[in-house]
Amino acid sequence: MENNLKLDIVTPHGLVLSEEVDEVAATGTEGEFGVLPGHVPFITTLRIGMVVLRKGGNTEYVFVSSGYAEVSPDKVVILADSAEKSEGIDVERAKAAMKRAEERLRKAEEIDFARATASLERATIRIQIAESRKPR
Ligand code: ATP
């Protein structure tokens, strides 16, 4: 049984995080999943959400938009369209994005509903992470 677990989070802009962790949890399109060292390999697509990483009693939250995760016994690789650590989130930008999305959804005419909803979801989760609140 493996005792090590490395987490890499990568976006088209580069490496966001590469750390040894004790445990990783994320939200796949089929549901939430948790990974400890020695996990059986699998691949899943990801929902807009957060990656929770635990290490030595500390918990950190990283925002990820859609992408996928590849799990192997000693490594989790997350490839996402965008990802930010809590301290990398610009709260004012997320609040502005939230406002734009809410206004589009309020008008509810001639809008791409799925796009506005996804934008609102990204902004909401970014704000929750930046304000260090666990949303669920
Ligand atoms: P916006 O409308 O503000 O661009 P968005 O949800 O459409 O928000 P994304 O498409 O997810 O933005 O991301 C585009 C790029 O901008 C990515 O590199 C992402 O990391 C970065 N980004 C977006 N919003 C924020 C934010 N609030 N804080 C830090 N980086 C952000």
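How many residues of the shell around the ligand are nonpolar, polar and charged? In this predicted model, the shell divides into 3 nonpolar, 3 polar and 6 charged residues, where Ala, Val, Leu, Ile, Met, Phe, Trp, Tyr, Cys and Pro count as nonpolar, Asp, Glu, Lys and Arg as charged, and the others, Gly among them, as polar.

**View 1. Residues around the ligand.** H13, S82, E84, G88, I89, D90, R93, A94, A97, R100, R122 and R126 surround the ligand (a heavy atom within 4 Å of it). Residues are numbered from 1 along each chain as its sequence is written. The model is predicted, with pLDDT of at least 70 needed for local features and 80 or more for side-chain atom pairs, while totals for chains, interfaces and linings use all residues; side-chain values use heavy atoms, without hydrogens and water.

**View 2. Polar contacts to ligand oxygen atoms.** Polar side-chain atoms of R93 and of R126 each lie 2.8 Å from an oxygen atom of the ligand, and one of S82 lies 3.0 Å from such an atom (polar contact: N or O atoms within 3.5 Å). Taken alone, the ligand exposes 590 Å², of which the protein buries 70% (Shrake-Rupley method, 1.4 Å probe).

**View 3. Helices and domains contributing to the shell.** Both α1 (91–107) and α2 (113–130) supply at least two shell residues, and the largest share, 4 residues, comes from α1 (helices are DSSP runs of H or I, at least four residues). Domain 1 (5–86) and domain 2 (89–132) each provide at least three residues of the shell, with bounds from an automatic or database domain assignment.

Conventions: A polar contact is a pair of N or O atoms within 3.5 Å; within protein, one must be able to donate a hydrogen and the other to accept it, and residues adjacent in sequence count only if both atoms are side-chain atoms.
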